[in-house]
Amino acid sequence: MFKYILISGFICTFLGAESFDIFLQKAIQNSPYLESSALAVQQTKEEGDILTRYENPTLELEYSSFKPDIGSSDEGYRVNYSQPIRLWNVADDKRAVASSNIKSANASLAQKRAIFIRDMSISYTLYSQAKMLLGLGDEELQIAKKIYDISVARLQSGTISKGVKLQAQVDFEMSENSKDFLSLNSMQSYYSLLKFAGVNEEIELDSVYDFTISADVQNINNPELEVFKAQQNQAFREAKLNSNSVEWINLFTELENEPEQDIVRVGLNFPLAIFNDKSQEKRVATLQVSRTELLIKNENSRLNIELKKLQKERQSLFRLSENSEKILSTQLELLKMYEDGYEISNINLLQLQDIKNRVIETKRTLIQIHTALNQNAIYTNYTQGSYNE
């Protein structure tokens with residue numbers, strides 16, 4: 001199957017062309033988009049430190065001047081030190097929120113990386129298909145040239161008319177034109193792939209790669225689903241944090257110096273949750289938990305259907321591939337018979353060109369099936385979470 005593709009692969013390997021696996025890893029490492037997403041995770045960690053850090057203490061200094069109506073004046077001072085203290089359960093809840101925020105950011109990074117791999121792989125299959133179609137264009141041109149050469153020889157021997165020869169010439173020239181279009185499309189797909197990968201220089205890239213399903217289809221670990229789960233946990237932790245109406249108490253100590261006495265005070269300052277008990281924030285977070293739960297349920301259903309569709313699609317593609325291979329085998333046998341027969345007898349040129357066109361069309365169909373099977377494997381891997389880090 002695809003003998004001309006295998007030959008192309010051997011040539012690329014001989015020339016030291018870069019494999020898709022190496023190309024993909026370089027693109028992942030050098031992607032500014034993924035690097036920016038990784039920085040977002042680091043930013044979330046820093047924000048978590050902000051969320052869990054303690055408040056600064058306050059220091060009050062006061063100077064007093066005493067001037068009684070009778071007697072000499074005197075001086076005094078007051079020093080007050082106050083430290084907000086976070087309640088123990090609140091500290092745990094804040095750490096849990098910070099942790100859930102980091103997990104959510106990591107889930108988002110994993111999703112973006114998986115999408116990048118998926119889209120990069122799809123772009124590569126289009127490049128690979130364009131290269132295979134270009135190879136098929138070469139093959140079509142060679143066959144058309146052979147038919148044209150035979151028609152020229154037959155015209156010189158007087159066994160066909162000039163009109164038949166011109167028809168073969170038109171078919172040959174159209175094949176040349178078609179190859180030029182295929183060459184243009186191949187070039188466009190190559191540069192489109194480089195642009196997507198963020199590569200700013202031309203490289204020798206192997207165009208032969210078979211994508212396979214890398215894990216059990218039933219083990220759904222889809223990156224989008226993981227993001228929803230992380231968001232649900234995030235909302236749950238925020239709801240738990242907001243259930244604390246009071247987060248801080250203030251511990252203070254004070255030293256007051258007066259002319260006739262020194263006063264030391266130690267005490268606690270308790271905020272009263274009368275007007276702001278965070279009930280609204282708690283309800284908002286609780287509603288978000290319910291929303292993400294519904295989104296997770298919907299996503300699970302969608303993924304199950306998507307995987308079933310991909311499985312059935314793959315089975316159909318394999319059947320089409322097998323049938324097309326059988327058809328191609330018969331067509332190639334018939335084409336050879338017509339080519340050999342046309343050199344020695346007056347076999348109808350139109351019949352020879354028709355079977356040539358059918359051979360090329362069947363090979364084109366096989367290339368499209370091959371690409372569809374690769375893309376099916378890519379989407380299956382992405383859907384079940386095989387591209388997760």
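Me: Just after α4, what positive phi does G158 take?
Reply: First, this is a predicted model: local features need pLDDT (the predictor's confidence in each residue, from 0 to 100) of at least 70, side-chain atom pairs count only at pLDDT 80 or more, and totals for chains, interfaces and linings use all residues. Residues are numbered from 1 along each chain as its sequence is written, and side-chain values use heavy atoms, leaving out hydrogens and water. Helices here are DSSP runs of H or I, at least four residues, numbered from the N terminus. Right after α4 comes G158, with a positive phi of about 80 degrees.

Me: And which residue takes a positive phi just after α8?
Reply: Helix α8 covers residues 349-384 and reaches 53 Å from first C-alpha to last, close to the 52 Å expected (1.5 Å times one less than its number of residues). Just after α8, the residue with a positive phi of about 90 degrees is G385.

Me: How many Å does α4 reach from its first C-alpha to its last?
Reply: Helix α4 runs over residues 88-157, and that's 70 residues. At 1.5 Å a residue you'd expect 104 Å, and α4 comes close to that, reaching 104 Å.

Me: How is α3 oriented relative to α4?
Reply: Helix α3 (residues 32-52) packs on α4 with the axes 9 Å apart, at an angle of about 175 degrees (axes are fitted to C-alpha atoms over the stretch in contact, angles running 0 to 180 degrees between N-to-C directions). Angles under 35 degrees count as roughly parallel, over 145 as roughly antiparallel, 65 to 115 as roughly perpendicular and the rest as oblique. That makes the pair roughly antiparallel.

Me: How many nonpolar residues are in the contact of α3 with α4?
Reply: Contact means heavy atoms within 4.5 Å, and residues making it include Y33, L34 and V41 of α3 and I102, L109 and F116 of α4. Ala, Val, Leu, Ile, Met, Phe, Trp, Tyr, Cys and Pro count as nonpolar, Asp, Glu, Lys and Arg as charged, and the others, Gly among them, as polar. Besides 6 polar and 5 charged, the nonpolar count is 11.

Me: Are α2 and α4 oblique or antiparallel?
Reply: Helix α2 (residues 20-30) and α4 pack at about 140 degrees, axes 11 Å apart. Residues of α2 such as F20, F23 and L24 meet α4 residues including F116, M120 and Y124. By the angle, α2 and α4 are therefore oblique.

Me: What is the mean pLDDT of the protein?
Reply: Residues 1-15 stay under 50, with 19 contacts beyond four places in sequence. Still, 92% of the protein's residues reach 70 or more, and the mean is 86.

Key. Helix = DSSP H or I, 4+ residues; strand = E, 2+ residues; numbered from the N terminus.
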